[in-house]
Amino acid sequence: MTQPSTVSARLAQVQERIEALTRAAGRPAGSVTLLPVSKTFGTDAVQQAMAAGMRRFGENKAQDIRDKSRELADGGAQWVMIGHLQTNKARDIARYAHEIQSLDRPELAEALERRLQQEGRSLDALVQVKTSTEPSKFGLDPAGLEDFLSFLARETPSLRVQGLMTMAVNAPDRDAVRACFRRLRELRDAMQAKAIPGIGLERLSMGMSGDYDLAIAEGSTEVRIGSAIFGDRSYTSV
Ligand SMILES: *Cc1c(COP(=O)(O)O)cnc(C)c1O
């Protein structure tokens, strides 16, 4: 597919493809949300996406959420943390983020709860689950998911759990990628059957620029798209 040259044109192209994939999967129109991932891009790129109607943006560093939310203070953007979060950065997320999708361990949940209570805020949250065996990937071991959800239900009233998030294996094998997405959906279904009070599991955040077709086919309700909207990232500049 040819890449148009502006953020708004690429956004429109991605949105059209999401709609087509949703239809092809036999799913209701509008059942897959787009989360643009603005990590490594400046607030100018974010503003272009906002002009095209986007409000929520994914970032993978607490410091970038802090800096960008300050820079765009009156713009109405909502920041979604999607990267690994150290507990000593919990305050920035409690203060500046609207949501975290990389909640993956009790110590982090406790640190966020403490900071959220201090700030008088609450956060939408997705639990990040590790569905691949790659050593570099963060996320909770699926075997600990039920215990973790029960812990969140008991201990962290300021975190509103709404579903699960995963990153698929980073490999050319499309079947292996798709298996990660299927795994997340099956885990969600199994947890939903447990009906843990206070824990919502409607949302499945899965799919990135290179694999969101497979994720939508497996039931994704939210795709996190960076490079297909904002262009290639140059990590040397951050
Ligand atoms: C960077 C990132 C994305 C987006 O990746 P692209 O390949 O640029 O679409 C999605 N999810 C997470 C957790 C990321 O870190």
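Helices in these legends are DSSP runs of H or I with at least four residues, numbered from the N terminus. The model shown is predicted.

**Figure 1. Aspartate 92 in helix α4.** The close-up is centred on aspartate 92, a residue of helix α4, which spans residues 90-96. Its relative accessibility is 13%, so aspartate 92 counts as buried, the cut-off for that class being under 20%. Once neighbours within four places in sequence are set aside, the contacts of aspartate 92 are with Ala62, Arg66 and Ala97.

**Figure 2. Packing of helix α5 against helix α6.** Two packed helices are described by the angle between their axes and the distance between the axes. For α5 (residues 106-119) and α6 (residues 145-155), the axes come within 11 Å and cross at roughly 20 degrees. The pair is therefore classed as roughly parallel, since angles under 35 degrees fall in that class. The crossing in which α5 passes α6 is right-handed. On the α5 side the contact is made by Pro106, Ala109, Glu110 and Glu113, and on the α6 side by Phe148, Phe151, Leu152 and Glu155. By residue class, this contact of α5 with α6 comprises five nonpolar and three charged residues, with no polar ones.

**Figure 3. An aromatic pair within helix α6.** Three aromatic pairs are found when the whole structure is searched. One of them joins phenylalanine 148 to phenylalanine 151, with 6.4 Å from centre to centre and 10 degrees between the planes, and this pair is stacked. Both phenylalanine 148 and phenylalanine 151 belong to helix α6, where they lie three residues apart, about one turn of the helix. Phenylalanine 148 and phenylalanine 151 are both buried. These two residues also appear in Figure 2, as part of the α6 side of the contact with α5.

**Figure 4. Packing of helix α6 against helix α7.** Helix α7 covers residues 174-194, and its axis and that of α6 come within 11 Å, crossing at roughly 50 degrees. That angle makes α6 oblique to α7. The crossing of α6 and α7 is right-handed. Leu145, Glu146 and Leu149 of α6 make the contact with Leu187, Met191 and Lys194 of α7. Four of the residues in this contact of α6 with α7 are nonpolar and two are charged, while none is polar.

**Figure 5. Helix α7 and the loop that leads to β7.** Two residues are highlighted in this view. Aspartate 189 is located in helix α7, and at 35% relative accessibility it counts as partly exposed. Its C-alpha atom is separated by 9.5 Å from that of glutamate 202, the two residues being 13 residues apart along the chain. Alanine 195 occupies the loop between α7 and β7 (203-205). Its relative accessible area is 57%, so alanine 195 is exposed. The phi angle of alanine 195 is near 50 degrees, a positive value in a residue other than glycine.

**Figure 6. Leucine 35 in strand β1 and threonine 40 in the loop that follows β1.** Leucine 35 is part of strand β1 and, with 0% relative accessibility, counts as buried. Residues up to four places away in sequence are not counted here; beyond them, leucine 35 touches Arg56, Phe57, Gly58, Val80, Ile82, Gln101, Glu222, Val223, Arg224 and Ile225. The C-alpha atom of leucine 35 is separated by 20 Å from that of aspartate 104, which is 69 residues apart from it along the chain. Threonine 40 is situated in the loop between β1 (33-36) and α2 (43-51). With phi near 75 degrees, threonine 40 has a positive value in a residue other than glycine.

**Figure 7. Glycine 219 in the loop between α8 and β8.** The loop that holds glycine 219 runs between α8 (212-217) and β8 (222-225). Because its relative accessibility is 16%, glycine 219 counts as buried. With neighbours within four places in sequence left aside, glycine 219 is in contact with Arg27, Leu204 and Met206. For methionine 206, 13 residues apart from glycine 219 along the chain, the C-alpha separation from glycine 219 is 8.7 Å.

Terms used
Residues are numbered from 1 along each chain as its sequence is written. This is a predicted model: local features need pLDDT of at least 70, side-chain atom pairs count only at pLDDT 80 or more; totals for chains, interfaces and linings use all residues. Side-chain values use heavy atoms; hydrogens and water are left out. Axes are lines fitted to C-alpha atoms, for helices over the stretch in contact, and angles run from 0 to 180 degrees between N-to-C directions. Angles under 35 degrees count as roughly parallel, over 145 as roughly antiparallel, 65 to 115 as roughly perpendicular and the rest as oblique. A crossing is left-handed if the near helix is turned anticlockwise from the far one by less than a right angle, and right-handed if clockwise. Contact means heavy atoms within 4.5 Å. Ala, Val, Leu, Ile, Met, Phe, Trp, Tyr, Cys and Pro count as nonpolar, Asp, Glu, Lys and Arg as charged, and the others, Gly among them, as polar. Rings of Phe, Tyr and Trp (its six-membered ring) pair if their centres lie within 6.5 Å; planes under 30 degrees apart count as stacked, over 60 as edge-to-face and the rest as tilted. Buried means under 20% relative accessible area, exposed over 50%, partly exposed in between (1.4 Å probe, protein chains only).
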